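I opened the notebook to look up charged pairs and core packing. My entries follow in the order I made them.

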Amino acid sequence: MKVLFVLIMLFPTFVFAETYSCKYEELSQIKYINFDRTTHSHFTRCIQDKCSEYKYSVIFANNDILIIGDKDENEENYFLFIINKNTNSFTAANINFPHHEQENTYFNGECVKE
């Protein structure tokens with residue numbers, strides 16, 4: 001049991017290191033969004049230079065696709081982000097909850113895994 005504990009403590013934390021740097025166009029401007037894996041099943045998100053501590057859940061992942069999503073920090077919408085690892089492209093959506101009066105937004109672009 002002690003050996004297992006020592007191995008776990010020595011196990012490097014960089015195993016979870018996975019970052020996707022993505023860009024998309026919005027109103028004729030290039031926008032940047034980054035996702036950093038923080039645990040086996042969670043990512044944090046940075047939009048432009050504004051990073052959030054909120055963790056988005058991995059909904060599905062395999063060698064081809066990564067799907068991240070969760071209620072957004074303001075809890076007025078659901079954020080869904082789908083990365084195609086083969087084409088380095090993504091599609092994303094902010095889906096508003098029924099009580100919210102804004103329209104849903106969708107965007108897509110390119111990602112690079114760092």
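**Entry 1: a buried pair.** I started with two charged residues and found both Glu18 and Arg37 buried. I am working from a predicted model. I then looked at how the two meet. Glu18 makes a salt bridge with Arg37, and the closest N and O atoms are 2.6 Å apart. I placed the partners next. Glu18 sits in the loop between α1 (2-10) and β1, while Arg37 belongs to strand β2. The pair is 19 residues apart and links distant parts of the chain.

**Entry 2: a second partner.** I checked Glu18 for another bridge. Glu18 also forms a salt bridge with Lys113, with 3.9 Å between the closest N and O atoms. This pair, too, links distant parts of the chain: Lys113 lies in strand β9, 95 residues from Glu18 in the loop between α1 and β1. I asked myself why Glu18 counts as buried. Its relative accessible area is 11%, and the cut-off for buried is under 20%. Lys113 has a relative accessible area of 52%, so I noted Lys113 as exposed. I drew the connections: salt bridges with shared partners join Glu18, Arg37 and Lys113 into one network.

**Entry 3: the remaining bridge.** How many salt bridges does the structure hold? I have 3 on my page. Besides the two at Glu18, I found Lys31 in a salt bridge with Glu26, the closest N and O atoms lying 3.5 Å apart. The side chains of Glu26 and Lys31 are also joined by a polar contact of 3.5 Å. As a reminder to myself, side chains of opposite charge can pair when their charged atoms come close.

**Entry 4: Glu26 itself.** I located Glu26 in strand β1 (residues 19-26). Is Glu26 buried, exposed or partly exposed? Glu26 counts as partly exposed because its relative accessibility is 36%. I also looked across the chain. The C-alpha atom of Glu26 is 8.1 Å from that of Phe107, although 81 residues separate the two along the chain.

**Entry 5: the core.** I turned to the nonpolar side chains. The largest nonpolar core has 16 residues, and Phe81 and Phe90 have the most contacts inside it. I listed the elements that give two or more residues to this core: β1, β2 (29-39), β6 (65-71), β7 (77-84), β8 (89-96) and β9 (105-113).

**Entry 6: Phe90.** What does Phe90 touch, leaving out residues up to four places away in sequence? I wrote down several, among them Cys22, Tyr24, Phe81, Ile83, Phe107 and Cys111. Polar and charged residues are on the list as well, including Lys23, Asn108 and Glu110.

Key: Residues numbered from 1 in each chain as written. Predicted model: local features only at pLDDT ≥ 70, side-chain atom pairs only at ≥ 80, totals over all residues. Heavy atoms only, no water. Helix = DSSP H or I, 4+ residues; strand = E, 2+ residues; numbered from the N terminus. Buried < 20%, exposed > 50% of the residue type's maximum accessible area, 1.4 Å probe, protein only. Polar contact = N/O pair within 3.5 Å; in protein donor to acceptor, adjacent residues only side chain to side chain. Core = buried A, V, L, I, M, F, W, Y, C linked by side-chain atoms within 4.5 Å. Contact = heavy atoms within 4.5 Å. Salt bridge = Lys/Arg side-chain N within 4 Å of Asp/Glu carboxyl O.
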